[in-house]
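Me: I am new to this structure and would like a close look at one part. Please walk me through the largest pocket and the residues around it.

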Amino acid sequence: MALPSRGEYAVPAGLVSSFPAVSVDGAWRVVEGLESSDAVRSGLAASVAELAAERDAVRALRLLPQ
């Protein structure tokens, strides 16, 4: 599920990323504390870097708050 991060799994707060999630009383919640392999952590770090670069590019166009 793609959700805004609150800092889970080393994804900076505010970035929207895919996370393992469950629905609790109609609201989506990130499942925290799952173990991941080095390969998964490396892939996640690459995705986070790409998302952050895209966010920064949009901010530079003044389409997001500075």
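Reply: Helices (H or I, at least four residues) and strands (E, at least two) are DSSP runs, numbered from the N terminus. With that in hand, the protein chain reads β-β-β-β-α from its N terminus on, with four strands and one helix. The model is predicted, so local features need pLDDT of at least 70 and side-chain atom pairs 80 or more, while totals for chains, interfaces and linings use all residues. Residues are numbered from 1 along each chain as its sequence is written, and side-chain values use heavy atoms, without hydrogens or water.

Let us begin with the setting. Along the principal axes, the C-alpha atoms of the protein chain fill a box of roughly 35 × 35 × 15 Å. The protein chain has 66 residues, and 15% of them are buried (under 20% relative accessible area, with exposed over 50% and partly exposed in between; 1.4 Å probe, protein chains only).

Now to the part you asked about. The largest pocket holds about 260 Å³ of space. A pocket here is an open set of points on a 1 Å grid where a 1.4 Å probe fits, with protein on both sides within 12 Å along at least five of seven lines, and a lining residue has an atom within 4 Å of a point. The volume is the space filled by probe spheres set on the points. The lining of the largest pocket has 14 residues, and Tyr9, Ser36, Val40, Arg41 and Leu44 lie nearest its centre. Helix α1, residues 38-60, gives the largest share of that lining, with five residues.

Tyr9 is a good place to step outward from the pocket. What is its accessibility class? At 25% relative accessibility, Tyr9 counts as partly exposed. The structure holds one aromatic pair (ring centres within 6.5 Å; planes under 30 degrees apart are stacked, over 60 edge-to-face, the rest tilted). Tyr9 and Phe19 form this pair: their ring centres lie 6.3 Å apart and their planes meet at 35°, so the pair is tilted. Tyr9 sits in the loop between β1 (2-4) and β2 (16-18), and Phe19 in the loop between β2 and β3, so the pair ties together parts that are 10 residues apart in sequence.

Phe19 then leads us inward. This ring residue counts as buried, at 6% relative accessibility. Phe19 also belongs to the largest nonpolar core, which has seven residues: Leu3, Val11, Leu15, Phe19, Val30, Val48 and Ala52. Such a core joins buried Ala, Val, Leu, Ile, Met, Phe, Trp, Tyr and Cys residues through side-chain atoms within 4.5 Å.

Val30, another core member, touches both partners of the aromatic pair. Apart from neighbours within four places in sequence, Val30 is in contact (heavy atoms within 4.5 Å) with Leu3, Glu8, Tyr9, Phe19, Pro20 and Ala21.

Ser17 has its place in strand β2 and is buried at 9% relative accessibility. Leaving out residues up to four places away in sequence, Ser17 touches Met1, Ala2, Leu3, Val11 and Leu51; among these, Leu3 and Val11 are members of the largest nonpolar core.

Finally, look along the chain for contrast. Asp25 lies in the loop between β3 (21-24) and β4 (27-30) and is exposed, with a relative accessible area of 81%. Its phi is positive, about 55°, although Asp25 is not a glycine. Most residues other than glycine have a negative phi. Arg62, in the segment after α1, has a positive phi too, near 65°, and is exposed at 72%.

Key. Rings of Phe, Tyr and Trp (its six-membered ring) pair if their centres lie within 6.5 Å; planes under 30 degrees apart count as stacked, over 60 as edge-to-face and the rest as tilted.
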